[in-house]
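Dear colleague,

I am passing on the structure below, and after it you will find an account of what turned up when I went through it. Please read the two side by side.

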Amino acid sequence: MEENTNNLEKYQEHYSEDGFWDKLKKFAVKAGQEVVYNALLLYYALKAETTSSKDKVKILGALGYLILPFDLIPDGIPIAGFSDDLAALVFIVGAVAQSITPQIKLQAAEKLKEWF
């Protein structure tokens, strides 16, 4: 688990709110609804005052990995390009599930409807 924590810390330095929204808007359709929904869940959990600092570090790592311009599978590769991003997002959504409230799920679903 320590290795995962180190990776999260490495990626969290790449997170910025502007970078998150730019990446999501630019690649939303290409990435697909599942990637976008999980990213939005994490974004809104990050903004919630009730989310623990420990969970926020995990979220920052996952969102940092999402907006990183280079990753394990380049985003430009059709179909597979966002599979590593999705895996990271889903893993962290599971890890911070207790921080994802019904209100956060509603916010993410509403934003998803705006875009799709």
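**A buried acid without a salt bridge**

Asp-84 is buried and yet takes part in no salt bridge, the nearest side chain of opposite charge being that of Lys-23, which is 8.5 Å away. Please bear in mind, here and throughout, that this is a predicted model. The distance to Lys-23 settles the matter, because a salt bridge requires a side-chain nitrogen of Lys or Arg within 4 Å of a carboxyl oxygen of Asp or Glu. Asp-84 belongs to helix 5, which covers residues 83-95, and the side chain of Asp-84 does have a polar partner, since a polar contact of 2.5 Å joins it to the side chain of Tyr-65.

**The overall picture**

The secondary structure of the protein consists of six helices and zero strands, so that, read from the N terminus, the order of elements is α-α-α-α-α-α. Of the 116 residues, 43% count as buried. Among contacts between residues at least 6 apart in sequence, 71% join residues that are at least 24 apart.

**Helix 3 and its surroundings**

Helix 3, residues 33-47, reaches 21 Å from its first C-alpha to its last over 15 residues, which is close to the 21 Å expected at 1.5 Å a residue. This helix is mostly covered, with 11 of its 15 residues buried; among them are Val-35, Val-36, Asn-38 and the run from Ala-39 through Leu-40, Leu-41 and Leu-42 to Tyr-43. The partners against which the buried residues of helix 3 pack are helix 2 (17-31), helix 4 (53-67), helix 5 and helix 6 (102-115).

Ala-39, which is placed in helix 3, gives a view of this packing at the level of a single residue. Its relative accessibility is 0%, and it therefore counts as buried. Leaving aside residues up to four places away in sequence, Ala-39 touches Phe-20, Leu-24, Leu-63, Leu-66 and Leu-89. Ala-39 and Leu-86 are 47 residues apart in sequence, while their C-alpha atoms are 8.5 Å apart in space.

**Helix 2, which is kinked**

Helix 2 spans only 18 Å between its end C-alpha atoms, whereas a straight helix of 15 residues would span 21 Å at 1.5 Å a residue. The same helix has a kink of about 40°, centred on Lys-25. Just after helix 2 comes Gly-32, which takes a positive phi of about 100°.

The buried residues of helix 2 are Phe-20, Trp-21, Lys-23, Leu-24, Phe-27, Ala-28 and Ala-31, and what covers them includes helix 3, helix 4 and helix 6. Lys-23, in this list of buried residues, is also the residue whose side chain is the nearest of opposite charge to Asp-84.

**The salt bridges**

Side chains of opposite charge can pair when their charged atoms come close. How many salt bridges does the model contain? The count comes to three, and I take them in sequence order.

Glu-17 forms a salt bridge with Lys-47, with the closest N and O atoms 2.8 Å apart. This pair links distant parts of the chain, with Glu-17 in helix 2 and Lys-47 in helix 3, 30 residues apart. Glu-17 counts as partly exposed at 32% relative accessibility, and Lys-47 is likewise partly exposed, with a relative accessible area of 43%.

The side chains of Asp-55 and Lys-58 meet in a salt bridge at 3.9 Å, N to O, a value that falls within the 4 Å cut-off. Asp-55 and Lys-58 lie three residues apart in helix 4 and are therefore separated by about one helical turn. Asp-55 is buried, with a relative accessible area of 3%, and Lys-58 is buried as well, at 14%.

In helix 6, the side chains of Lys-111 and Glu-114 meet in a salt bridge of 3.4 Å, N to O. Lys-111 and Glu-114 are three residues apart, about one turn of the helix. An α-helix has 3.6 residues a turn, so residues three or four places apart point the same way. Glu-114 is exposed, with a relative accessible area of 57%.

With best regards

How values were computed. Residues are numbered from 1 along each chain as its sequence is written. This is a predicted model: local features need pLDDT of at least 70, side-chain atom pairs count only at pLDDT 80 or more; totals for chains, interfaces and linings use all residues. Side-chain values use heavy atoms; hydrogens and water are left out. Helices (H or I, at least four residues) and strands (E, at least two) are DSSP runs, numbered from the N terminus. Buried means under 20% relative accessible area, exposed over 50%, partly exposed in between (1.4 Å probe, protein chains only). Lys and Arg count as positive and Asp and Glu as negative; His and the chain ends are not counted. A polar contact is a pair of N or O atoms within 3.5 Å; within protein, one must be able to donate a hydrogen and the other to accept it, and residues adjacent in sequence count only if both atoms are side-chain atoms. The expected span of a helix is 1.5 Å times one less than its number of residues. Contact means heavy atoms within 4.5 Å. The bend at a residue is the angle between axes fitted to the seven residues ending there and the seven starting there.
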